[in-house]
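This briefing introduces one structure to a reader who is new to the subject. Please keep the sequence and the 3D view at hand while reading.

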Amino acid sequence: MNTIAGAYETLLLAFGPQGWWPSNDTFETAVGAVLTQGTAWTNAAAAIENLRRAGALTPEGVAATSEARLERLVRPAGFYRRKSATVRRLALLGGSSRDGWSKLLSLDGEVLRSALLATSGIGPETADAIVLYAARHPTFVIDAYTRRFVLRHSLASRGAGYDELKSLFESSLPRSAELYGEYHALLVELGKRYCRKRPRCEDCPLAGALRPAT
DNA sequence: GACCAGGCACATC
DNA sequence: GATGTGCATGGT
């Protein structure tokens with residue numbers, strides 16, 4: 001078993017299944033991916049609840065909501081001017097209709113990813129989160145925690161970019177959306193618990209299982 | 001009051 | 001192409 005796959009087994013055993021993503025609604029999941037950018041999930045969840053209560057958690061609902069109102073609903077998630085505009089672009093991407101949105105999500109994974117990346121406000125991490133957790137295509141999400149994990153354990157060079165890290169995980173694991181989704185969530189949990197500014201490597205479940213942090 | 005949170009776009013060098 | 005900065009709220 002390779003190191004990446006081994007770390008997954010260890011983390012799953014230590015933390016248990018994380019159960020991301022919380023919603024079965026694909027549009028809600030995509031909106032959540034945007035709203036949680038650079039923000040704690042609790043803040044994003046508050047904004048999502050605002051949108052739900054306002055009937056603005058569907059492509060049609062977003063289209064029917066004024067700019068000022070959308071900004072106000074999104075505010076708890078921070079960066080509210082940008083994020084409200086991005087949520088509207090997301091709705092527009094599927095023609096602001098439920099059917100259009102479904103068609104968008106049924107596209108080939110790579111095609112969908114490109115369409116998302118061409119949307120202002122959606123970068124590689126958010127695009128991959130939507131492709132993985134909403135469309136359920138196997139694409140690995142690289143975030144700050146993942147990068148920290150890889151560097152701490154010398155699994156890639158410091159200069160490795162997003163795509164390089166993504167390939168590292170995808171080439172080390174069976175191609176499975178469920179596995180990728182669970183692994184990403186586990187790495188976030190690992191980061192939250194042990195890899196913050198003052199790391200607690202001695203208590204980390206990966207201590208001993210991997211090369212020690214440097 | 002500082003620091004961080006499930007990033008991205010844009011400017012500058 | 002690498003690095004820095006603004007965007008903004010809410011919890012610890």
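At 1.5 Å a residue, the 14 residues of H6 should span 20 Å, and the end C-alpha atoms of H6 are indeed 20 Å apart, which agrees. The expected span of a helix is 1.5 Å times one less than its number of residues. Helices (H or I, at least four residues) and strands (E, at least two) are DSSP runs, numbered from the N terminus. This is a predicted model, in which local features need pLDDT of at least 70 and side-chain atom pairs count only at pLDDT 80 or more, while totals for chains, interfaces and linings use all residues. Residues are numbered from 1 along each chain as its sequence is written, and chains are lettered from A and ligands numbered from 1 in the order in which they are written.

**Helix H6**

- The buried residues of H6 are Lys83, Ser84, Thr86, Val87, Leu90 and Ala91. They cover an arc of only 160° around the axis, which puts them on the same side of H6.
- A residue is buried if 20 or more other C-beta atoms lie within 10 Å of its own, exposed if 12 or fewer, and partly exposed in between, with C-beta atoms placed from the backbone. The arc is that of the directions from the helix axis to the C-beta atoms.
- The cover over the buried residues of H6 includes H2, helix H4 (59-63) and H5.
- Just after H6, glycine 95 has a positive phi of about 70°.

**Helix H3**

- For H3, with 13 residues at 1.5 Å each, the expected span is 18 Å, and its end C-alpha atoms are 18 Å apart, which agrees.
- Ala44, Ala47, Ile48 and Leu51 are buried in H3. They cover an arc of only 105° around the axis, which puts them on the same side of H3.
- The exposed residues Thr42 and Arg53 are carried by the face of H3 turned away from its buried side.
- Helix H2 (26-35) and helix H5 (67-74) are the elements against which the buried residues of H3 pack. Two residues are in contact if their C-beta atoms, placed from the backbone, lie within 7 Å.
- Glycine 55, just after H3, takes a positive phi of about 70°.

**The surface near DNA strand C**

- Of the 14 residues around DNA strand C, Asn43, Pro76, Gly78, Phe79 and Arg81 come nearest. The elements that give two or more residues to this surface are helix H3 (41-53) and helix H6 (80-93).
- A residue is near a molecule or strand if its C-beta atom, placed from the backbone, lies within 6 Å of it.
- H6 gives the most to the surface near DNA strand C, with 3 residues.
- By class, this surface has 4 nonpolar, 7 polar and 3 charged residues. Ala, Val, Leu, Ile, Met, Phe, Trp, Tyr, Cys and Pro count as nonpolar, Asp, Glu, Lys and Arg as charged, and the others, Gly among them, as polar.

**Backbone angles that deserve attention**

- Most residues other than glycine have a negative phi, and most peptide bonds are trans.
- Phenylalanine 79 is not a glycine, yet has a positive phi, near 45°. Phenylalanine 79 is found in the loop between H5 and H6 and is partly exposed, with 16 other C-beta atoms within 10 Å.
- Serine 154, also a residue other than glycine, has a positive phi near 55°. Serine 154 is found in the loop between helix H10 (144-152) and helix H11 (162-172).
- The peptide bond from tryptophan 20 to tryptophan 21 is cis, with omega near -5°. Tryptophan 21 has its place in the loop between helix H1 (3-15) and H2.

**Domains of chain A**

- The domain assignment of chain A gives domain 1 (3-19 + 141-203) and domain 2 (26-133). Such bounds come from an automatic or database domain assignment.
- The centres of domain 1 and domain 2, taken over C-alpha atoms, are separated by 25 Å. The contact takes 7 residues from domain 1 and 6 residues from domain 2.
- H12 supplies the largest share of the side of domain 1 that touches domain 2, 3 residues. By class, this side of domain 1 has 5 nonpolar, 1 polar and 1 charged residues.
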